[in-house]
There are 4 protein chains.
Amino acid sequence: MNKINVSVIGASGYVGGELLRLLLKHPNVNLHQATSESNQGQFIKSVHPNLRQFSNKFVALKDLENCDVLFLCLPHGVGMDQINDLRPVAKIVIDLSGDFRLNNKNEYLTWYKLTHPNPNLLKSKVLGLPELHKEKIKKATLIACPGCMSTATILSLYPLLKAGVLQDTPIITEAKTGSSASGNKLSKASLHAERSGVMRSFAPTSHRHSAEISQELTINGKVPQINFSATSVEAVRGILATSHVFLKEGITEPDIWEIYRTFVKDKPFLRIVKEKKGNYRYPEPKLLIGTNVCEIGFEKDLHSDRLVVMSAIDNLMKGAAGQAVQCFNITQGFDENMGLETIGLYPI
Amino acid sequence: MNKINVSVIGASGYVGGELLRLLLKHPNVNLHQATSESNQGQFIKSVHPNLRQFSNKFVALKDLENCDVLFLCLPHGVGMDQINDLRPVAKIVIDLSGDFRLNNKNEYLTWYKLTHPNPNLLKSKVLGLPELHKEKIKKATLIACPGCMSTATILSLYPLLKAGVLQDTPIITEAKTGSSASGNKLSKASLHAERSGVMRSFAPTSHRHSAEISQELTINGKVPQINFSATSVEAVRGILATSHVFLKEGITEPDIWEIYRTFVKDKPFLRIVKEKKGNYRYPEPKLLIGTNVCEIGFEKDLHSDRLVVMSAIDNLMKGAAGQAVQCFNITQGFDENMGLETIGLYPI
Amino acid sequence: MNKINVSVIGASGYVGGELLRLLLKHPNVNLHQATSESNQGQFIKSVHPNLRQFSNKFVALKDLENCDVLFLCLPHGVGMDQINDLRPVAKIVIDLSGDFRLNNKNEYLTWYKLTHPNPNLLKSKVLGLPELHKEKIKKATLIACPGCMSTATILSLYPLLKAGVLQDTPIITEAKTGSSASGNKLSKASLHAERSGVMRSFAPTSHRHSAEISQELTINGKVPQINFSATSVEAVRGILATSHVFLKEGITEPDIWEIYRTFVKDKPFLRIVKEKKGNYRYPEPKLLIGTNVCEIGFEKDLHSDRLVVMSAIDNLMKGAAGQAVQCFNITQGFDENMGLETIGLYPI
Amino acid sequence: MNKINVSVIGASGYVGGELLRLLLKHPNVNLHQATSESNQGQFIKSVHPNLRQFSNKFVALKDLENCDVLFLCLPHGVGMDQINDLRPVAKIVIDLSGDFRLNNKNEYLTWYKLTHPNPNLLKSKVLGLPELHKEKIKKATLIACPGCMSTATILSLYPLLKAGVLQDTPIITEAKTGSSASGNKLSKASLHAERSGVMRSFAPTSHRHSAEISQELTINGKVPQINFSATSVEAVRGILATSHVFLKEGITEPDIWEIYRTFVKDKPFLRIVKEKKGNYRYPEPKLLIGTNVCEIGFEKDLHSDRLVVMSAIDNLMKGAAGQAVQCFNITQGFDENMGLETIGLYPI
């Protein structure tokens, strides 16, 4: 078959590099161009040392040529300005930034302190979360992939809210995250000696992902009370989102099992992890490094109505590049997991 | 002055070793004996390699002699049986296990699955949490120090509950902890290749420390709705307890500042950490390694009534051995921070 | 085509698990049986949590059936006793332990303190290091894969010794290694709190791999003066072997380039890494996690005749399971890298 | 007694911060001023978060006042220019950079690519390595403390060279180091996601510390053949220097014991670590974090004349700030270990 020509804009960051790794090995893809203003003309491998076996070079944005699918890995706030120049390049644009995730332009004012220059696109885009929007993704021309912590949180809470089994009380979610989620920009917070071994409350409240989570968990117009916190822990990759919700009277653990089993059915990247014994009874991000899997687990509190829900992903994979390729596969009618079949490593 | 003769029972574990380190350098202490059944006759430094400069040896419990103060570092469930033999040895016994922390014998059935053999002591003991029970500690003869995660949680939530500023809704606390809290027993869960880099939900619900927390946060008979979870993260030492509470209408951040400022006043090991900028705006356990400090911080959610409260300690210090020495100092009328003045390291 | 039926003996360790991961995804392999005495009847995924998607179970050794190729992942000293019972099971046996690596039974007395029960096999086996013995591996019926640190050291030093460019002085090799190389046996040395963050000289001299290295670097009967040391550092996977050799007069860096270029040519898993700038100028084990690649780099000392040679591998892959699969592929006439094409992750 | 007034120039780096920590707790010191151009007017604690309990502020260099002892923590190449302006400020100047360590100006051309502006000071300065130069330090007015890897290497090799027990062959030293040795300047190499988990050969040859090591190990005019390499490993603090030397015929392990025992005698910060069993048989940097101790160990190779010598320090303490305070104590006639008595932590 003819391979699909794809290009990647802003390919010198961590997400861009992860996307290149996947695309370069994707059986049905031809990587046409990868842009980087700061590294134009350089070998890709000079920036992404895991790609030593490839001899591709970065090009400048001005040299971008037409292709079939365009991936945007730009910093937040850049793509929303350039989008009208970029869309003519390809029939399908898949954006990995936050620039089109929210449906309502007012939310950009609230959470990003930005006036969105293309609010009409907020309505026409499709959120690139296949487990919720697969049918729309099939026909989408602008796909906005959700954030890493949002993905982990939404996928684990959506089935419960959809099933209507939760009390109408605040939901608390605390996400633990590794350092690669901050990207490769130089900052004192990201120095090894500073970031190493932390349990750092970098966003106890007001994290932008709150808005995406709230949006996607609004079901039949009912806005849940999401209270999100984010903590950095020692890891390069990985997110563990732990949510605390309260079950309506009479809802039992078997009910919850049933809800999740139904939800993960036929979704190749979702997996329930809930064991009675062993060290890995619940989702563990390190086992998912390099995979596109989202693991979901839960435990009912014997002493209260609380249900603790845990979900784990690799932030650069299911939280970014892997999810983008999953969306791409859906747009092309390919197997959803084409190029994404990696099994995690153990021990690691 | 004459030094106080102290002995340590069960001194070959991590808590025991940390206690020895403190006692061997304490200006007013003479370490009389340290017992270890498995290492009797061996140099202490053969087990605790940081104590190479000392030539003391472990003795067997059967060779225990009278002393002034006896510290118990036994595994849970052992001291509650041996206590009647041990108390005659010293006027003051300071227990670092869970064996006497709870006031109610029924709680031992619920949380430890044990029938407590000496329930009368549960009433007469004093909980070794000086910031709450200093006056009683001064005259106590049996002191039961609280658990590491309990200490961090109680110290940060007590002032709010005492002040009555919280809504009557469930409190969610999620504690992140390092590996030394599990002690030095061999277990597959504790192998480096297994434990390394985890974000492991080892007790999403039902952690025993829940009982201590609930007990100490019961104020004027009002039992709070504590929902506690514990997660292992990559670190050897350190605990960060993050609590999510909801403020009554009208309570402002300045009110919270005032409550905490009043609470930490004249308490040498408590410190409020809440900065507007920088990497260390909130409590960070790694900066407290080797210190007896508990740092407390908080952030009001702009989008809800939530207050996020964070507290950090070194689990082996303020969470165990340091707190025991603090209690010891109080019993002897010494400066509370004698032998505990270490400043944390940075970077680390 | 018909898939090759393979079985794995001793499949519950880290090497066994890694091998199962590779075999379960190998396009031309059918995993027939995996044995584990301690876990017989259990799901493989109960021991190797990364293999959750597979429903295979461990069987007991006594239930072992005939197959095409048998992999042995037994502890050192076990396979050398059982080998005569195991060989009839399959036409080809690939052993991953140290039991048949050395050619001379006296070496087993010296390095393993063992009298080898089947010394005749030491001559007939082929060492499973394809970059040196590919032709023999094609026809071998007993293959003994070399150790992880040996593999890294031999592959980087062999070309220099073969080319005869080194002075006749002692060679110093210092290998840094992660914790997975010690396996999953319980030991105090392997506890997270003990092993974490170490720079631990666990074998300054007398490491068993010295014997393999010396054996394989003996060229035309000339035994090199190998002085090997091993140091544990903070990592789960990865080995960096750094060797210090002295060049004969007149040998230049371009000569060395030429020697290595010739050596790595047509060897799919070898790669020279030597860059003028960047953070990854030389081999870096973490970039090779999960891959079967061995990276080799070198730097000539401007102030002496010294050449520093560096080589990096994943100890569980090119240092164990990956190399075994590579040997397997060769025995079957498959592409050498079938099932081993993974690209490393970055960042990680 | 009157306290000694000391000031620190360039106090916002990691070494400067560590020095402030020590000086602020030193019983005989009054910290007069701490300068930082980039942070002048700011609280010291805003840069060094472990010093939260102190309210001192940084001042600008132009506001420097006279004091008794001046510590310089400037980047390499700065102090050598400013030294003539700084010396009048205090009777004693202790420099922690590389600017005055080497005795010969030509060495600055070779290793630093700099023409030294004050070569006369290279002769009159005293190297701040008390174990070798204590008598001279007592009367010195300009003290240049050696580098961290130099300190570890020199202290472990000096006794052997002095005793004349080594063959006249090349000495190989490979130092493993944590990330804090690189300081807190922003660089991509120092980002957590890049630096985490590395075994990175950042200076296989040509490290500047080679020159200091060679200088200090030149005994009676005999220049040893030092071949130094440096490798970054996962740690924030700590250096392990492993040296490989060859013993003259007839030299036995008891001879080596005797040489080191004699050397460490009456040197409060040196300690021989060589155990027959246990996990900490040899020097382990992590146990020395926060201490000024240098541990030295050795192992004779049973298969050759090689002796492996290991030495461990905390790079910010015995490798920088601690050693500077030790020198300071000597200049003032104080106990050498005043303010430096910390015992290391375990586990850590």
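User: Which residue of chain B comes closest to the rotation axis?

Analyst: Glu234(B) does, with its C-alpha at 2.7 Å. This is a predicted model, in which local features need pLDDT of at least 70, side-chain atom pairs count only at pLDDT 80 or more, and totals for chains, interfaces and linings use all residues, while side-chain values use heavy atoms and leave out hydrogens and water. Residues are numbered from 1 along each chain as its sequence is written, and chains are lettered from A and ligands numbered from 1 in the order in which they are written.

User: What turn and what shift lay chain B on chain A?

Analyst: A turn of 180 degrees with a shift of 0.0 Å along the axis lays chain B on chain A with an RMSD of 0.0 Å, where copies are superposed by least squares on the C-alpha atoms of residues with pLDDT of at least 70 in both. The same surface serves both copies, since 100% of the contact residues of chain B recur in chain A.

User: What makes up the contact between chain B and chain A, and how many residues does each give?

Analyst: Each side is counted by contact (heavy atoms within 4.5 Å), and the count comes to 57 residues from chain B and 57 residues from chain A. The two chains bury about 4,300 Å² between them, 52% of it on carbon and sulfur atoms, buried area being the accessible area (1.4 Å probe) that two parts lose on being put together, summed over both. On the side of chain B, Met199(B), Thr205(B) and Asn279(B) lose the most area to chain A, together 17% of what that side buries.

User: Why is the meeting of Lys176(A) and Glu174(B) called a salt bridge?

Analyst: The term requires a side-chain nitrogen of Lys or Arg within 4 Å of a carboxyl oxygen of Asp or Glu. The side chains of Lys176(A) and Glu174(B) meet at 2.4 Å, N to O, and therefore satisfy that rule. Across this interface the rule finds 2 salt bridges. Polar contacts (a pair of N or O atoms within 3.5 Å; within protein, one able to donate a hydrogen and the other to accept it, with residues adjacent in sequence counted only if both atoms are side-chain atoms) join 35 residue pairs between chain B and chain A, both residues being at pLDDT 80 or more.

User: How do you know that chain D and chain A are related by a two-fold axis?

Analyst: Chain D can be laid on chain A with an RMSD of 0.0 Å by a turn of 180 degrees and a shift of 0.0 Å along the axis, and that is the relation of a two-fold axis. In chain D, the C-alpha nearest the axis belongs to His192(D), 1.9 Å from it. The copies meet through the same surface, because 100% of the interface residues of chain D are also interface residues in chain A.

User: What area is buried between chain D and chain A, and which atoms give it?

Analyst: The area is about 1,600 Å², of which carbon and sulfur atoms give 61%. Leu186(D), Leu191(D) and His192(D) lose the most area on the side of chain D, together 40% of what that side buries. In terms of contact, 18 residues of chain D touch 18 residues of chain A. The rule finds 0 salt bridges here, whereas 8 residue pairs are in polar contact, both at pLDDT 80 or more.

User: Why is Cys327(D) called buried?

Analyst: Buried means under 20% relative accessible area, exposed over 50%, and partly exposed in between (1.4 Å probe, protein chains only). Cys327(D) has a relative accessible area of 0% and is therefore buried. Leaving aside neighbours within four places in sequence, Cys327(D) is in contact with Gly128(D), Pro130(D), Ile137(D), Ile143(D) and Cys145(D).

User: Why is Asp266(D) called exposed, and what is the value of its phi?

Analyst: Asp266(D) has a relative accessible area of 67%, so the residue falls in the exposed class. Phi of Asp266(D) is near 65 degrees, a positive value in a residue other than glycine. Most residues other than glycine have a negative phi, and most peptide bonds are trans.

User: Which class does Ser206(B) fall in, buried or exposed or partly exposed?

Analyst: With a relative accessible area of 32%, Ser206(B) is partly exposed, and its phi is near 65 degrees, again a positive value.

User: What is the peptide bond from Tyr346(B) to Pro347(B), cis or trans?

Analyst: That bond is cis, with omega near -5 degrees. The bond from Tyr346(C) to Pro347(C) is cis as well, with omega near -5 degrees.
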